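Biologist: I have the structure open in front of me and would love a close look at a single part of it. Could you take me through the sheet and whatever packs against it?

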Amino acid sequence: AENSQNPLIKQSTDAVIEICNHLMRVVRLMMQQLHPLILTELGLKAALEDLISHWQTRHAHLQIHFDCAAEMESLPENISIHIFRIVQEGLTNVVRHANATQVLIDLTLDEPHFLTLKMRDNGQGCEMQNLKKGFGLLSMRERVRSLDGDFLIETAPQNGMKITVKIPL
């Protein structure tokens, strides 16, 4: 009788281990999304390079060009986190909606004291009035507003989309 139970016990144990491993992956991903550790450890530029590299691996059809001023390393942490999230949300939108093959991300410091983030894709674009007031764009706009910045979207059918964020420092 003891031997006949072993396969069942092993099957149950394997299932429990598999569920635990899955939960660990989910929690790790959630933690990363709440506050990317790499941001604190390596700074904004390296964190964005890491993020973009992951996107590039998962979406090989999409070329992502990233240009970032070296001075980004000295940004206040709250600004860094918002910029990181805006780029993350922007890439999510491109993959979900744009049907693009190319994205340009440009992060510069403009004198006297402005940070400018530009994200442009070569996707299908849309009419401005048809722009979905989706959660992604709304949360990006709110992040920029919380930093007293400006958020501008330019798009037209077959002309891609360009997002410009200007944040005072």
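Modeller: Happy to; here is a walk through the sheet, one strand at a time, and then the helices that lie on it. Please keep in mind that this is a predicted model.

Let's start with the overall layout. Five strands make up an open sheet with mixed pairing, in the order β1-β2-β3-β5-β4. At the edges sit β1 (63–68) and β4, each of which pairs on one side only. From one strand to the next, the twist averages 10 degrees.

Now put your cursor on β5, which covers residues 161–168. Six of the eight residues in β5 are buried, so this strand is mostly covered. One partner of β5 is β3 (residues 114–121), which runs antiparallel to it and is joined to it by eight bridges. The other neighbour in the strand order is β4. Strand β4 spans residues 150–155, and its pairing with β5 is also antiparallel, over six bridges.

A good residue to click on is Val 165 in β5. Leu 117 stands opposite Val 165, and Val 165 is also the bridge partner of Phe 151. Elsewhere in β5, Lys 162 is the bridge partner of Glu 154. As you step along the strands, it helps to recall that side chains in a regular strand alternate between the two faces of the sheet.

Strands β4 and β5 form a hairpin with five residues between them. Within that hairpin, look for Gln 158, which takes a positive phi near 60 degrees.

Next come the helices. Helix α3 (residues 44–58) lies across β1 and β2 (102–110), and its direction is at about 175 degrees to β1. Helix α4, made of residues 77–98, lies across β1, β2, β3 and β5 and runs at about 10 degrees to β3.

Helix α4 deserves a little more of your time. From its first C-alpha to its last, this 22-residue helix reaches 30 Å, close to the 32 Å expected at 1.5 Å a residue. Because 17 of its 22 residues are buried, α4 is largely enclosed by the rest of the structure. Just after the helix comes Asn 99, whose phi is positive, near 60 degrees.

To pull this together, β5 pairs with β3 through eight bridges and with β4 through six, while α4 is one of the helices that lie across the sheet, with β5 among the strands beneath its path.

Notes:
Residues are numbered from 1 along each chain as its sequence is written. This is a predicted model: local features need pLDDT of at least 70, side-chain atom pairs count only at pLDDT 80 or more; totals for chains, interfaces and linings use all residues. Side-chain values use heavy atoms; hydrogens and water are left out. Buried means under 20% relative accessible area, exposed over 50%, partly exposed in between (1.4 Å probe, protein chains only). Helices (H or I, at least four residues) and strands (E, at least two) are DSSP runs, numbered from the N terminus. Two strands pair if DSSP finds at least two bridges between them. Axes are lines fitted to C-alpha atoms, for helices over the stretch in contact, and angles run from 0 to 180 degrees between N-to-C directions. Contact means heavy atoms within 4.5 Å. The expected span of a helix is 1.5 Å times one less than its number of residues.
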